[in-house]
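Please look over the structure shown here, and then follow a few questions about why certain terms apply to it.

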Amino acid sequence: MKITGAKVFVGGPGKNYVTLKIETDQGVYGLGDGTLNNRETLTAKYLQDYLIPCLIGMDPRNSEDIWQYFYRGAYFRRGPIAMAAFGAIDMALWDIKGKLANLPLYQLFGGKSRNGAMVYAHATGADLPDLMDSVARYVDQGYKAVRVQCGIPGMPTASYAVPEQAGSNTDYITDFSGIRPKEEIWDSGRYMRYMPGALAEIRDRFGPDLHILHDVHHRLLPREAAEFAKEVEPVKLFWLEDPTPAEDQDALRMIRQHSTVPIAIGEVFNSIWDCNKLIQNELIDFIRVAVTYAGGITHVKRIVDLAGLHHVRTGFHGAPSHSPLCMAAQAHLNAWAPNFGIQEYLVLGTPECDALFPSAHKMENGLFHVSDAPGLGVDFDETEAARYEYKAGSHPIVRLEDGTLWNY
């Protein structure tokens, strides 16, 4: 069996999904997601110019060897562009493998460990009453876990994942349009004085059973993060996400020394080498890598297995930049992983997205249920894909009030 061709598509409804289709001489094809949010054309170009020419003639069943070929064969290893491109190829090869076996991927991993995987929604509000309304809507829909983000009184601009005006937060998603980044102003002092009380009020209103998550989005220094984590302990958060930048992995020790709040980190990591010390030293409780960014199923399975040895659970990234292909790959891993924790889930099921990526996967009552279709269980409509084209965008940037550039 040989790979005879591969095509890359860039575009989608509201997002620049990078979709790879690998074709074989037996008519079986595989699909993979290479979307690198706001840098999508870089992954697409890397695939088209450097990787696909090497794929032609290879046996797609040898997914491990092909992964090693690209990873070890690159003198400059890792990095988000390369790993997202490797991730797209690896995902597509596993899709082919599942189709050849006529089995869903979770069966190739070892079968199901659970019937449904708990997901969490994004609740947000320009102020606390607005946020309470957002949380209530998701609770009414059956979600058992909700991430909460709230506008901070006195903050010069809306902060991360927060709308500017109350009442505009239904399925709110940060606007990434335009190549020139929008700028947010951040004040750690205002945040630290206000947010612990806001989280306590959310807990008081919704009771002990709702899983509450909160994302600091790398905004605090290690000492500030330790202080914040200690103060919010009574809220019993499901997790505190990205309390401080993790480039200095030893900085996480300070949080561990001062608080028992569960810590989730890793959505910007792209290899096991970004998180192995955090996992082995048990400085985190949830690992947040994504199958696309972290080199595909082959590599992420290794991270999951390492995490399982150290009481660290999965909490895969699931922002809207991940296409239904990446979410399906993660759904199969979630069904299998003994150390599954939770899955981030932003609503992807628009009619346009369903037409582009038809599947039988479904989300009900706060649980994601993977289908039994072979492979990833997601198809791709090239006719629909022709309706879309690339539109440039960027993440916002963050400055302090004095103009100092800060962590987004």
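**Serine 259, the cysteines and a pocket**

A polar atom of the serine 259 side chain lies 3.0 Å from the backbone nitrogen of valine 261. This is a predicted model, in which local features need pLDDT of at least 70 and side-chain atom pairs count only at pLDDT 80 or more, while totals for chains, interfaces and linings use all residues. Residues are numbered from 1 along each chain as its sequence is written, and side-chain values use heavy atoms, with hydrogens and water left out.

Q: What makes the pairing of the side chains of serine 259 and glutamate 233 a polar contact?
A: A polar contact is a pair of N or O atoms within 3.5 Å, where within protein one must be able to donate a hydrogen and the other to accept it, and residues adjacent in sequence count only if both atoms are side-chain atoms. The two side chains make such a contact at 3.1 Å.

Q: Why is serine 259 called buried?
A: Serine 259 has a relative accessible area of 5%, and buried means under 20%, with exposed over 50% and partly exposed in between (1.4 Å probe, protein chains only), so serine 259 counts as buried.

Q: Which residues is serine 259 in contact with, leaving aside its neighbours within four places in sequence?
A: With contact meaning heavy atoms within 4.5 Å, they are Ala229, Lys230 and Glu233.

Q: Why does cysteine 275 have no disulfide bond to the closest cysteine sulfur?
A: A disulfide is a pair of cysteine sulfur atoms within 2.5 Å, whereas the sulfur of cysteine 275 is 16 Å from the closest one, in cysteine 326, and therefore too far for a bond. Cysteine 326 is in no disulfide either, since the nearest cysteine sulfur, that of cysteine 353, is 12 Å away, and by this rule the count comes to zero disulfides.

Q: Are cysteine 275 and cysteine 326 buried or exposed?
A: Cysteine 275 has 0% relative accessibility and so counts as buried, and cysteine 326, with a relative accessible area of 0%, is buried as well.

Q: How are the residues that line the largest pocket divided by class?
A: The lining has 24 nonpolar, 16 polar and seven charged residues, where Ala, Val, Leu, Ile, Met, Phe, Trp, Tyr, Cys and Pro count as nonpolar, Asp, Glu, Lys and Arg as charged, and the others, Gly among them, as polar. A pocket is an open set of points on a 1 Å grid over the protein atoms alone, where a 1.4 Å probe fits, with protein on both sides within 12 Å along at least five of seven lines, and lining residues have an atom within 4 Å of a point.
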